[in-house]
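Open the model in a viewer and keep the selection tool at hand. The stops below run from a helix to aromatic pairs, empty spaces and a loop.

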Amino acid sequence: MAKTKTKFVCQECGYETPKWMGKCPSCNNWNTLVEEVFTKSSFKHSGIGQATLTKPESITMVESKEEARVTTDMPELNRVLGGGVVAGSLVLIGGDPGIGKSTLLLQVSDQLARKEIRVLYISGEESTRQTKLRADRLNITSDNLYVLSETNLHHISTQIDQLNPNFIVIDSIQTIFKEEVTSAPGSVSQVRECTSELMRIAKTNHIPIFIVGHVTKEGAIAGPRLLEHMVDAVLYFEGERHHTFRILRSVKNRFGSTHEMGIFEMKEEGLREVLNPSEIFLEERSQGVAGSTVVASMEGTRPVLVEIQSLISPTSFGQARRMATGIDHNRVPLLMAVLEKRVGLLMQNQDAYVKVAGGVKLDEPAIDLAVTVSIASSFKNQASKPDDVLIGEVGLTGEIRRVSRIDQRVQEAAKLGFKRAIIPAKNLEGWTVPDTIEVIGVNSVQEALQVTLNH
């Protein structure tokens, strides 16, 4: 008879301990340890190819070939996935409740089903009738799309063997449970074992499986971090529930580039792609207002032009406030310190508010110059030219450092009608400048302010 034991598992990080504690010593979260009963014999290894004995072989003897991909009718999704859906891949999609994860996957399922691909959509949160109501709203009528409302993994595996689908959607992994595991659905043990079993099904049968994951209040995928390590790709579906635009961002992809971004717009009939996001982010921009600049940021392999807004106002408190939305909040005081030390703009008694318009999150160094000029523009109350785009990294000594893919950034700015690009002087060589835009190289923040604000 198998021996049973009781342990306490942290629902945030997966830390295990034989006794209960109020605070997890691994992730320092309170009240996350939950008691779970487990049987040693139930935790069998369910890795890939467990039934066959493999032998090591030389790396030069391994056959290399491109992974077979199936493209959907959504170029934005194809690019985020690295070119399409890879056979045998396990993809995790996370996002806030009501953001549109189920809508996106139902639309993708319908597109694949219209290409004579047998699709199985498994919902653990809705009945088949509820799924049908959403399908009617999205005008989905394909006969190759099959719907199953089930949470028992054993029954799901049986239906997969009988139907033999070519594409599977699990909505969501937190509702699926395995009978051999005694803990509740959504716990660390259940998520780990169910994902491991789904990975075995995907790899052995070469079936791509998309699983939906709930997110915590901090915005991370709920459950252990092991879940993100097990899957082949992790996609985050972001956006405000009260706005129509949605951003699909890849943070891990074994078959393509990470940090790719796809833009969608939520309509009554479903999600529609935004093929030129730069125009969307700049369409409501005010002309000739101090504190507004435009930067060409690389999102994966695509340049996106985004407006950065700053507001500098005298503080009414003893200590000045520094707030940022869309960029790292630590970057704002750092760049303001460079302006104070290297340029002589005294802003110690000024509140600073910096925002990236459109709800985009930027984290690359190339946005430093645009943020710096935006802050200085608001402080001096002098507007920069509305047809200027700024690209460059700012060092602590006030120098402007080179950035990558400068040619793609400038070409995107020229395509959208910008007349001048202020870039690092070290980036001026080795590429061809478009005829419709003037490129100005600067070596320091002082130079950049002379070019942009003294006009």
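Begin with the elements that cover the buried residues of α8: among them are β17 (322–325), β18 (350–356), α9 (368–380), β20 (393–394) and α11 (445–453). The model is predicted, and residues are numbered from 1 along each chain.

**Helix α8**

Now select residues 331–343, which make up helix α8. Show the side chains of Arg331, Val332, Leu335, Met336, Val338, Leu339, Glu340 and Val343, the buried residues of α8. Put a distance label between the end C-alpha atoms: they are 17 Å apart, which agrees with the 18 Å that 13 residues should span at 1.5 Å a residue. Step just past α8 to Gly344, where phi is positive, at about 90°.

**Helix α10**

Select residues 406–415 for helix α10. Buried here are Ile406, Arg409, Val410, Glu412, Ala413 and Ala414. To see what these residues pack against, add α7, β15, β16, β19 (388–390), β22 (420–424) and β23 (438–442). Just after α10 comes Gly417, which has a positive phi of about 95°.

**Aromatic pairs**

How many aromatic pairs does the model have? The count is two.

For one of them, select Phe167 and Phe210; the ring centres are 5.2 Å apart and the planes stand at 55°, so this pair is tilted. Colour strand β9 (residues 167–171), which holds Phe167, and strand β10 (residues 209–213), which holds Phe210. The pair therefore ties together parts that are 43 residues apart in sequence. Are these two rings' residues buried or exposed? Phe167 is buried, at a relative accessible area of 2%, and Phe210 is buried too, at 1%.

Move to Phe237 and Phe264, an edge-to-face pair with 6.3 Å from centre to centre and 70° between the planes. Phe237 belongs to strand β11 (residues 233–238) and Phe264 to strand β13 (residues 261–267), so here the parts tied together are 27 residues apart in sequence. Phe237 has a relative accessible area of 2% and is buried; Phe264, at 0%, also counts as buried.

**A cavity lined by Phe210**

Return to Phe210, since it also appears in the lining of the second largest cavity. The model has three cavities of 30 Å³ or more, and the second largest holds about 50 Å³ of space. Select its lining: Leu81, Gly84, Val85, Val86, Ser89, Val91, Phe210, Ala233, Asn253 and Phe255. Coloured by class, this lining shows seven nonpolar and three polar residues, with no charged ones.

**The largest pocket**

Go next to the largest pocket, with a volume of about 1,300 Å³. Centre the view on Ile247, Gly358, Gly359, Val360 and Lys361, the closest to the pocket's centre of the 45 residues that line it. Then show β11, β12 (245–253), α7 (277–282), β15 (292–299), β16 (302–314) and β18, the elements that give two or more residues to the lining. Which element gives the most? It is β12, with four residues. Colouring by class gives 15 nonpolar, 13 polar and 17 charged residues in this lining.

**The second largest pocket**

The second largest pocket contains about 260 Å³ of space. Select Pro97, Gly98, Lys101, Ser102 and Glu125, which lie nearest its centre among the 17 lining residues. Add helix α2 (residues 101–113), the source of the largest share of the lining, three residues. By class, four of the lining residues are nonpolar, seven polar and six charged.

**A last stop: Pro18**

Finish in the loop between β2 (16–17) and β3 (33–39), where Pro18 is found. Pro18 counts as exposed, at 70% relative accessibility. Select Lys5 as well and put a label between the two C-alpha atoms: Pro18 and Lys5 are 9.1 Å apart in space and 13 residues apart in sequence.

Definitions and conventions: Predicted model: local features only at pLDDT ≥ 70, side-chain atom pairs only at ≥ 80, totals over all residues. Heavy atoms only, no water. Phe/Tyr/Trp six-rings, centres within 6.5 Å; stacked < 30°, edge-to-face > 60°. Buried < 20%, exposed > 50% of the residue type's maximum accessible area, 1.4 Å probe, protein only. Expected span 1.5 Å × (residues − 1). Contact = heavy atoms within 4.5 Å. 1 Å grid on protein atoms, 1.4 Å probe; cavity = no way out; pocket = protein on both sides within 12 Å on 5 of 7 lines; lining within 4 Å. Points joined across faces, edges and corners; volume = space filled by probe spheres on them. Nonpolar A, V, L, I, M, F, W, Y, C, P; charged D, E, K, R; others polar.
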